[in-house]
2 protein chains.
Amino acid sequence: MLIAVDAAGGENAPREIVKGAIKAAQEYEVDIALVGDKAVLHVLAGREIKKLNLQIFEATEIIAPNEHPMRAVKSKPNSSIVIGTNLVRDGVASAFVSAGNTGAVVCAGLLNLGKIKGIERPALGSFLNITPATPILLIDAGANAECRPSHLVQFAHLGSTYVKHLLDIDSPRVRLLSTGEEESKGNRLTRESYNLLKKSQLNFVGSIEGQDISNRTADVIVTDGFTGNIVLKTIEGMGDNFINMLRQVGHVFSTAYHLQGRSLLHDLGLGSWVKRVDYREYGGAYLVGINGNIIVAHGRSQAKAINNAISLAKQTVERDICRIIREGNNEQTD
Amino acid sequence: MLIAVDAAGGENAPREIVKGAIKAAQEYEVDIALVGDKAVLHVLAGREIKKLNLQIFEATEIIAPNEHPMRAVKSKPNSSIVIGTNLVRDGVASAFVSAGNTGAVVCAGLLNLGKIKGIERPALGSFLNITPATPILLIDAGANAECRPSHLVQFAHLGSTYVKHLLDIDSPRVRLLSTGEEESKGNRLTRESYNLLKKSQLNFVGSIEGQDISNRTADVIVTDGFTGNIVLKTIEGMGDNFINMLRQVGHVFSTAYHLQGRSLLHDLGLGSWVKRVDYREYGGAYLVGINGNIIVAHGRSQAKAINNAISLAKQTVERDICRIIREGNNEQTD
């Protein structure tokens, strides 16, 4: 299985991307294709290229984070994002992982791979980094800033199918993100969506409020891409905040208890917890509804996050999610 | 100064409300009027009624959390929410504090106190419970689920004036909550609002993403009431999550270091941090733009939160915020 990785996208490209990709090639049974500046990649990957049989694809253009997605994709055919999606389209790669301009990755996916038949809008499905470590998929996490109720219902179907087949959850519990549990709460979009979800074949178990996200009452949380993106990032920010706070008190604490050299986080059993909420170590979002596998990683991804995103890509390919969604969508129920 | 308190609103009414109100009467120089079931309140407040000169107003009806706000307010003139807002309208009380049905409190405020001239929509301004403990006002935190760009600009003006005069911040930095820092990011509402905010007299310093909320780059964060409510509650939920996690490891830790009976949170200097992020201990949101002072407390408020909400009400009255907004709004700039 060949996974193409955008070595030019994200705040920590290319160094951290290459590091994460090399680690993934060593750890998982995947082949890696790096897409970016050939000369730079040769320097960064060095001997590992031969050792791990890394492929390198030259991309001479770069799409910046603040560029207009559609215009950038159309005007930069030699960018890593366009080349990466084309590798999937042409069957060269099984998946493409990018920490670059999210909007551009979504556009390139739409243009180069196309939507699965019957899908109105592809959406980003992102597992939330919260504790306890129960996987909860947030969909849409940022692909569609403006949505209609029918979009949200389709996101719910897509998310449900994804979680079912990726995690072997038999009948995923779907909840709608809103400002109250009652059907009457929320805005026009959520009220109409609630009504449609109620009538669907999904295991829809009602609305969910922000404070209950981590309470393990949902496998899939459905929302529009604007709200979803803000909630996802707010959770990331809170996690960061907490990690910083723990690290700060760590020093004071070590001194007080004469524990120099020992790790507070480790002693408290918080190591795995910190990993869980640290988005720099976290996986990525699957662009559900596209004819091919694209994983969007966080723009601030470090090596570990890229490594995890590649692992998610591998599982998504192995579980044949894209084909299942294609076939499931022909029936419209899953 | 008499502050009316809704003793029938919120999940922990009436016991925790009464407890918090009594504490406030003891701690601050305020007189308290409890609104609720007279017989029950006499039992709960007991001797404190005479000692603290508590006033009690009978409310024979209760507005439930899931009732339709406008219908409930209109059909229940003897509810604590309607009676409380009437006490402010009639000049009996300087402010009203309620942890009841938020929508109903907003409606009662609108109906009984009316909007300040020139205000399109009153909004809930809520200080975020995050660390470091820099006050950041989120507006609208939940009064208006559907908003137009002009509403958001007015929320920004209201929030800016509130923060300026409550906290003596000379020129509050206003940011717009969005999915990216660039003007082009976000949805239609944020893009149009960004454009209007740029041209305003406010100290508008751009958009802010979810993960940057706690980075001290804003004094006022503007958003629609749907997104604001979800973000506020997500932050609360994450805070809760951390507190639970810390408490769980606390026991393991105490045993490992033979610190039985000592408080991990206290030893780590985390006591104040936990207080800060625990919404049960937190203040409340000011309903800005109404002709009178209404503080909406969290539906899950415990005594401490009610106490804090009363303190916020007192400061809001003392700082004469309502009059300042009324006068400032005549000039449209502040």
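Author: Two strands pair if DSSP finds at least two bridges between them. Strands themselves are DSSP runs of E, at least two residues, and helices are runs of H or I, at least four, numbered from the N terminus. This is a predicted model: local features need pLDDT of at least 70, side-chain atom pairs count only at 80 or more, and totals for chains, interfaces and linings use all residues. Residues are numbered from 1 along each chain, and chains are lettered from A.

Reader: How do you know that S1 and S2 of chain B pair?

Author: 5 bridges join S1 (residues 2-6) to S2 (residues 31-36) in chain B. Pairing needs at least two, so they pair. The two strands run parallel. B:Val5 stands opposite B:Leu34 in S2(B).

Reader: What makes S3 and S8 of chain B edge strands?

Author: Each pairs on one side only. The open sheet has 11 strands, in the order S3-S2-S1-S4-S11-S10-S5-S6-S9-S7-S8. Its pairing is mixed.

Reader: Why is H7(A) called oblique to H8(A)?

Author: Their axes, lines fitted to C-alpha atoms over the stretch in contact, cross at roughly 50°. Angles, from 0 to 180 degrees between N-to-C directions, count as roughly parallel under 35, roughly antiparallel over 145 and roughly perpendicular from 65 to 115; the rest are oblique. The value fits none of the named ranges, so H7(A) is oblique to H8(A). The axes come within 8 Å.

Reader: Why is H6(A) described as largely enclosed?

Author: 10 of its 11 residues are buried (20 or more other C-beta atoms within 10 Å of their own, C-beta atoms being placed from the backbone). So the rest of the structure largely encloses H6(A). Among the buried residues are A:Val105, A:Cys107 and A:Leu110.

Methods:
A residue is buried if 20 or more other C-beta atoms lie within 10 Å of its own, exposed if 12 or fewer, and partly exposed in between; C-beta atoms are placed from the backbone.
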